[in-house]
Amino acid sequence: MKKFVNDPKDFVAEMLQGLALANPDTLVYVPEYNLIHRSDAPSDERVTIIQGSGSGHEPAHVMTVGPGMLTAACPGDVFAAPPVDYVYETIKRLASSKGVLLIVNNYTGDRMAFEMAQEMASAEGIDVRTLFVDDDVAVQDSLYTVGRRGVAGNFFVMKAVGAAAEAGADLDELVRIGEKVNAATRTMGLALTACTPPSKGAPLFDLEQDKVEFGVGIHGEPGRMRVELASANRMVTDLVDAVATDLQVSGDDRLALMINGLGGTPISELYLAYGIAHRAITAGGAQVTRSYVGEYCTSLDMAGLSVTAVRVDEEIEKLLAAPAEIAVRVF
């Protein structure tokens, strides 16, 4: 597999350095802790919001640092939780008098790292709270989780609490909002191909040419089943059905709908999939009020996509519509 890689051990550091060099006025890079943070942080005018997890899911999470989103991100190596000291030092360096909110996708390694760092920081008098994201409806337990996995739905949690923090909300209010958004969010993914981690140089798992992994995890974890490749209509509709059934979508619902590319799917195919998903989820009368198409939480170069639906109300819609300035931009 051909890749733009030097020494695989340096892949994450070189990526973070490039990100910082491309955004010199807005982002700061602290290489000792794989830390990317806002150049205007910390600020006692707003709660500090930190997310980590492994690398390989970009733009999540280092590329979603900025006003209206994350204050900082401290990723681990590709598909590996950050070390405890990365999280602990990030909390200490960026702690605000209004407190620190940690957003953690529900994977065992991430939970351990962030919970230990929270305990250490709390012992030093820092007010730290944690939000867990578990939007994946594919499986209840997985290779790296107890309970549901946190996947592309983390974007909506980050966006909502980031907007609220920018408006001056306190830590308790951010926890309430984050829990509300997470509870209203469901996601399901499908892989057409495996991904190739830089250190491995070969696909992470074997997937036959005529098969797809229905319910794949963002680290290549098995999903609900491996099924025959079918038409786009069939595959996307099956994803929507799984999401809508678990969310219990009804004709009165207002929804945010996301088609998230997993890293190797052309944008044209993502928009094709969005059209299918929109028609399927509104067939019973539900209304889509906000639309998202692109790459939000990837799995390196995996060909595939996920469907996310969020049941929104006036509060969530307002937070999702609030402005944000992050490193990922078109022009």
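A nonpolar core is a set of buried Ala, Val, Leu, Ile, Met, Phe, Trp, Tyr and Cys residues joined through side-chain atoms within 4.5 Å. In this predicted model, the largest such core has 50 residues. Another core, of 29 residues, lies apart from it. The model also holds an open sheet in the order β1-β2-β4-β3-β5-β6 and an open sheet in the order β9-β8-β7-β12-β10-β11.

**The largest core**

- Leu101, Phe156 and Leu174 have the most contacts inside the core of 50 residues.
- At least two residues of this core come from each of α1, β5 (100-105), β6 (128-133), α4 (154-166), α5 (171-183), β10 and α8.
- Helix α4 gives the most, with nine residues.
- Leucine 101 touches many residues distant in sequence, among them Val47, Ile49, Leu131, Val161, Leu174 and Val175, with residues up to four places away left out.
- Its contacts also include Thr48, Arg129 and Thr130.
- In soluble globular proteins, nonpolar side chains tend to be buried together.

**The other core**

- Met188, Phe214, Ala242 and Leu270 are among the 29 residues of this core.

**The sheet from β1 to β6**

- Six strands make up this open sheet, and their pairing is mixed.
- Its edge strands are β1 and β6, each of which pairs on one side only.
- Strands β5 and β6 run parallel and are joined by six bridges.
- Leucine 102 has threonine 130 in β6 as its bridge partner.
- Helix α1 lies across β1 and β2, at about 150° to β1.

**Helix α1**

- Helix α1 covers residues 11-22, twelve residues in total.
- At 1.5 Å a residue it should span 16 Å, and its end C-alpha atoms are 17 Å apart, which agrees.
- Its buried residues are Val12, Met15, Leu16, Leu19 and Ala20.
- These residues cover an arc of only 135° around the axis, so they sit on the same side of α1.
- They pack against β1 (27-30) and β2 (35-38).

**The sheet from β7 to β12**

- This open sheet also has six strands with mixed pairing.
- Strands β9 (225-228) and β11 (287-294) stand at the edges with a single partner strand each, so one side of each has no neighbour in the sheet.
- From one strand to the next, the twist averages 20°.
- Strands β7 (residues 185-191) and β12 (residues 304-311) are antiparallel, paired over seven bridges.
- Threonine 185 has valine 310 in β12 as its bridge partner.
- Helix α7 (residues 267-282) packs on the sheet and touches β10 (254-261), β11 and β12.
- The direction of α7 makes about 160° with that of β11.
- Helix α8 (residues 314-321) also packs on the sheet, touching β10, β11 and β12.
- The direction of α8 makes about 30° with that of β11.

**Helix α7**

- The 16 residues of α7 should span 22 Å at 1.5 Å a residue, and the end C-alpha atoms are 22 Å apart, which agrees.
- Leu270, Ala273, Tyr274, Gly275, Ile276, Ala277 and Ile281 are the buried residues of α7.
- They pack against α6 (232-247), β10, β11 and β12.
- Leu270 also belongs to the core of 29 residues.

**Backbone features in the loops**

- Most residues other than glycine have a negative phi, and most peptide bonds are trans.
- Glutamate 58 and proline 59 are joined by a cis peptide bond, with omega about 20°.
- Proline 59 sits in the loop between β3 (48-51) and β4 (72-73).
- Alanine 60 and histidine 61 are also joined by a cis bond, with omega near 0°.
- Histidine 61 is in the loop between β3 and β4.
- Asparagine 34, in the loop between β1 and β2, has a positive phi of about 50°.
- Asparagine 34 counts as buried because its relative accessibility is 7%, and buried means under 20%.
- Glutamine 248, in the loop between α6 and β10, has a positive phi of about 60°.
- Glutamine 248 counts as exposed because its relative accessibility is 64%, and exposed means over 50%.

**Aspartate 252**

- Aspartate 252 lies in the loop between α6 and β10.
- Its relative accessible area is 76%, so aspartate 252 is exposed.
- Aspartate 252 and glutamine 287 are 35 residues apart in sequence, yet their C-alpha atoms are 7.6 Å apart in space.

Conventions: Residues numbered from 1 in each chain as written. Predicted model: local features only at pLDDT ≥ 70, side-chain atom pairs only at ≥ 80, totals over all residues. Heavy atoms only, no water. Pairing = 2+ DSSP bridges. Helix = DSSP H or I, 4+ residues; strand = E, 2+ residues; numbered from the N terminus. Axes fitted to C-alpha atoms, helices over the stretch in contact; angles between N-to-C directions. Contact = heavy atoms within 4.5 Å. Expected span 1.5 Å × (residues − 1). Buried < 20%, exposed > 50% of the residue type's maximum accessible area, 1.4 Å probe, protein only. Arc of directions from axis to C-beta.
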